[in-house]
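Hello,

Here is the structure to be handed over. My notes on it follow below.

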Amino acid sequence: MASRISGGWIHGVTPRRADADGARPARFDVAERTQTDVKEASDVVALPGGRFLVVGDRSRKVAVVSADGSVKKVELPGLGDGPSQFEGLAYDPVRKHLLVSREESREILRYEWNPAKKGDKPKLEKRFDVSHLDGPSNKGVEGLAYLSGSQSPTGRPQLLGVKEGHPRELVLFNDGGGGRPMPVRLDPAVKELCKDFSAVAVDPKTGNVYIASDESSDVVQLRLVRDGDQVRGRLVQAIPLRGKHGEPLARVEGISFNEKGDLFVLTESDGVLRRLARR
């Protein structure tokens, strides 16, 4: 059973840099945290109805965390033997698709699943091979996020993915998970701030994209803009993640937003989901 714990955990949530083209840095206040009971937690995504789905890279059972902090485990089929290798998570609320990246297997799995429908279980529908992405197998797709058509600079829904490193990349897939990925051209300052890319999320209020860095203990806020046949990611701000004593928050592996625009941060070592309430 999960427990909800009040109290602060981030010190100095302030922007380190804002861009020059009018994008507004978001502001957040410290709120509560929830224990998810997921070992080796690797990503989180908000589900309709105020719930969250949390995965780890060992277990094929994923945790559905309710608003009251209770946890229910659900198994994702079609994985074969061995660890789950789950790294990235995204949910398409329009088509009711759950998309999961498996880093070492270099694939994205698409499940049909409506978590709001009582008794509905995830059904594996499609596998996408992403081995054509550059880099070693342990530096593959580390995080996923769904971008709606109304917020996308391309005018159509897309699936966002981040590669941890070698090289660090933000890429756009088709919303269903397939297609040849389009790299996003990032401001050079993004890679200066983020030593790696560990997670990605989309702010439902603005459509801005957030990338977390495990090694830097930062989250950067980006605005995606169309530039001819390319998409650029312009830096809005960097938010340093710090503990209650000012120490960098360790092992940030997942980020997500709820419908209200609150930011949630998942840490791997303790499986804790922390909420930053939007001002």
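In what follows, Ala, Val, Leu, Ile, Met, Phe, Trp, Tyr, Cys and Pro count as nonpolar, Asp, Glu, Lys and Arg as charged, and the others, Gly among them, as polar. This is a predicted model, in which local features need pLDDT of at least 70 and side-chain atom pairs count only at pLDDT 80 or more, while totals for chains, interfaces and linings use all residues. Residues are numbered from 1 along each chain as its sequence is written, and side-chain values use heavy atoms, without hydrogens and water.

The largest pocket (on a 1 Å grid over the protein atoms alone, an open set of points where a 1.4 Å probe fits, with protein on both sides within 12 Å along at least five of seven lines) holds about 770 Å³ of space; a volume is the space filled by probe spheres set on the points, which are joined across faces, edges and corners. Its lining (residues with an atom within 4 Å of a point) has 42 residues, and Ala46, Ser256, Phe257, Asn258 and Glu259 are the closest to the centre. The lining divides into 24 nonpolar, eight polar and 10 charged residues. Its largest share, four residues, comes from β3 (strands are DSSP runs of E, at least two residues, numbered from the N terminus).

The second largest pocket has a volume of about 300 Å³. Its lining comprises six nonpolar, one polar and eight charged residues, and β6 gives the largest share, four residues.

β3 and β6 also belong to an open antiparallel sheet with the order β3-β4-β5-β6 (two strands pair if DSSP finds at least two bridges between them). β3 (41–47) and β6 (71–75) are its edges, each with a single partner strand, so one side of each has no neighbour in the sheet.

Regards
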